[in-house]
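Please walk me through this structure in a few paragraphs, taking the contacts between its parts one after another. I am in my first year, so a careful explanation would help.

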Amino acid sequence: MFATEFEYQRATSVSEAIQLLSNNPGAKILAGGHSLLPMMKLRLTSIPMLIDIGGINELRGISVENNILRIGALTTHAEIAESYDVKDNAGILWETAYGIGDPQVRNRGTIGGNISHADPASDLPTVLKVMDAKFTIQGTGGLMRGGSRVVSADDFFIGPFETDLGENEILTAIEMPVLMANQHAEYAKMAHPATSFAVVGAGVVLTVEDDVCTAARVAVGGFTPVPTRGLTVEQALIGKVLNEENIASATILIHGDLGSDVFGDVFASAEYRQAMAAIELKHAIFHATGLAHHN
Amino acid sequence: MNIQLTVNGKAQEKEVDARLLLVHFLRDDLGLTGTKIGCDTSQCGACVVSMDGKTIKSCTCLAVQANGSDITTIEGVAPDGVLDPVQEAFWDNHGLQCGYCTAGMIITTVELLKKNPNPSDDEVREGLKGNICRCTGYQNIVKSVQAAAKVNRS
Ligand SMILES: Cc1cc2nc3c(=O)[nH]c(=O)nc-3n(C[C@H](O)[C@H](O)[C@H](O)COP(=O)(O)OP(=O)(O)OC[C@H]3O[C@@H](n4cnc5c(N)ncnc54)[C@H](O)[C@@H]3O)c2cc1C
Ligand code: FES
Ligand code: FES
């Protein structure tokens, strides 16, 4: 299958890519191409110009400094899944990256492309939300700090395939606080058997002191317009001992957090996914806290 | 657009359309028809080739994105006619029936064994997750990969 004809430009720096974006209305960034190219081939979209950022090395790489894990937007899922810096500091992201698609999808797909695309079925938006990640966005200027601004994962995702990114902006890096010894994080998903996309995904980051949960970030995704924070679940967990009973009574509250905007399809109805959200959340907490091993 | 790349050890330079897929470049422009097109939607793995040592689905990569890279297709796995241990193992263990998935299976297996020379059966299945076979039921493919792993280790 062929996409409709388009112009192709290779950008060699972030500023050149932004220049090309602003000079060519309708132009789009091409990263790993694993969301964009399938859509263009199926003619779900037609784009006049692709600006390939694949050769911009300043957008790659993983580092840890001052308890912040920083990942360049062009870093592939495979690079994340093979990084000890990620494994040791954000195990939840490390495992999630390994569960994306298959080896070939992970070799090409990038973290920046995944979140910029904001497919509701993606895994990373949910995980980055519970990790309280911040995204660095570069634009043509005017804004603070030489054209760059920082948006939190909580504010970045606006709707299905819709983010806070402006027409002429590029996502350059993802940063998140490293997990501390008293923090337990896990992502559990019911994966679509053909693609591994999330039918239902649930992420948790729990802070536990003397067996009591003192802070919690919980979100579910895969079947909601954007990953949905389980704010009432979080409130119900905080101050409690994380035993089976307390986890079960807290996770069931996710139904109230979800609201009515939930998706279903021929594979799994909205009702079913809603019911599975509480279950996946429970799995995530069981695994995060080590309770899973006792069952 | 002008592209320059290495395919199976040979330098290539061509003018291509921006929308030309790498798989069509390999098959139609270079005549390397060992690489197959199955689903054309990045799910089946019939089109898998190695790019700079990493397996990719060539139906989901533009030829222009491969500029400057080093590609190995199934034709490049046994350049001097002596089969690679992975190819031998698929042959010996009946790891193929119609053969349509085989080029992709072999390219993926070569990368898998490079990363993990002693995989469990589960790790083999996980590593071949992006490669679909409609004939064998996978049993003999896993057997073939394990046989190749054993030969490579010895
Ligand atoms: C078979 C298959 C299975 C998959 N399974 C999963 C899965 O299990 N879980 C999952 O989460 N994902 C899955 N994916 C999606 C995969 O993770 C994609 O790689 C990802 O969604 C897009 O990343 P990309 O680098 O390929 O982006 P591209 O396709 O190149 O770009 C996607 C969009 O983001 C924009 N963009 C890209 N980078 C930037 C940037 N730096 N700044 C601004 N805009 C940018 C592009 O303009 C485009 O609109 C799967 C994909 C396939 C084909
Ligand atoms: S033809 Fe490329 S994955 Fe099926
Ligand atoms: S041998 Fe026929 S598809 Fe695998």
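In this predicted model, 22 residues of domain 2 of chain A are in contact with 25 residues of domain 3 of chain A. To place these two parts along the chain, note that chain A is divided into domain 1 (7-52), domain 2 (57-177) and domain 3 (183-289). The centres of domain 2 and domain 3 of chain A, taken over C-alpha atoms, are 21 Å apart. When the surface lost between domain 2 and domain 3 of chain A is added up over both sides, about 1,700 Å² is buried, and 60% of that area lies on carbon and sulfur atoms. On the side of domain 2 of chain A, the residues that lose the most area to domain 3 are A:T126, A:K129 and A:V130, which together make up 31% of what that side buries.

Carbon and sulfur atoms do not give the whole picture of this interface, and charged and polar pairs can be counted as well. Across the interface of domain 2 and domain 3 of chain A there are four salt bridges, and there are also 11 residue pairs in polar contact, counting pairs in which both residues have pLDDT 80 or more. A salt bridge that you can look for in the structure joins A:D132 and A:R217, whose closest N and O atoms are 3.6 Å apart.

Where does the largest cavity draw at least three residues of its lining from each of two domains? The two are domain 2 (57-177) and domain 3 (183-289) of chain A, the pair whose contacts were described above. The model has three cavities of 30 Å³ or more, and the largest cavity has a volume of about 60 Å³. It is lined by 13 residues, of which A:D119, A:P120, A:P125, A:V226 and A:P227 are the closest to its centre. Sorted by character, the lining of the largest cavity consists of seven nonpolar residues, five polar residues and one charged residue.

We can now turn from the inside of chain A to the place where the two chains meet. Here 33 residues of chain A are in contact with 31 residues of chain B, and the area buried between chain A and chain B is about 2,600 Å², with carbon and sulfur atoms giving 53% of it. Of the area that chain A buries against chain B, 23% is supplied by A:F2, A:Q104 and A:R108, which is more than any other three residues supply. Between chain A and chain B there are four salt bridges, and 12 residue pairs are in polar contact across the interface, again with both residues at pLDDT 80 or more. A salt bridge links B:D40 to A:K41, with the closest N and O atoms 2.7 Å apart.

The last stop is chain B itself, for which the domain assignment gives domain 1 (2-75) and domain 2 (85-153). The centres of these two domains of chain B, taken over C-alpha atoms, are separated by 21 Å, and 18 residues of domain 1 are in contact with 11 residues of domain 2. Between them, domain 1 and domain 2 of chain B bury about 1,100 Å², of which 59% comes from carbon and sulfur atoms. On the side of domain 1 of chain B, the residues B:V48, B:T55 and B:I74 supply 41% of the area buried against domain 2, more than any other three residues. How many salt bridges are counted between domain 1 and domain 2 of chain B? The count is zero, although five residue pairs, with both residues at pLDDT 80 or more, are in polar contact between these two domains of chain B.

Note on methods: Residues are numbered from 1 along each chain as its sequence is written. Chains are lettered from A and ligands numbered from 1 in the order in which they are written. This is a predicted model: local features need pLDDT of at least 70, side-chain atom pairs count only at pLDDT 80 or more; totals for chains, interfaces and linings use all residues. Side-chain values use heavy atoms; hydrogens and water are left out. On a 1 Å grid over the protein atoms alone, a cavity is a set of points where a 1.4 Å probe fits but cannot get out, and a pocket is an open set with protein on both sides within 12 Å along at least five of seven lines; lining residues have an atom within 4 Å of a point. Grid points are joined across faces, edges and corners, and a volume is the space filled by probe spheres set on the points. Ala, Val, Leu, Ile, Met, Phe, Trp, Tyr, Cys and Pro count as nonpolar, Asp, Glu, Lys and Arg as charged, and the others, Gly among them, as polar. Domain bounds come from an automatic or database domain assignment. Contact means heavy atoms within 4.5 Å. Buried area is the accessible area (1.4 Å probe) that two parts lose on being put together, summed over both. A salt bridge is a side-chain nitrogen of Lys or Arg within 4 Å of a carboxyl oxygen of Asp or Glu. A polar contact is a pair of N or O atoms within 3.5 Å; within protein, one must be able to donate a hydrogen and the other to accept it, and residues adjacent in sequence count only if both atoms are side-chain atoms.
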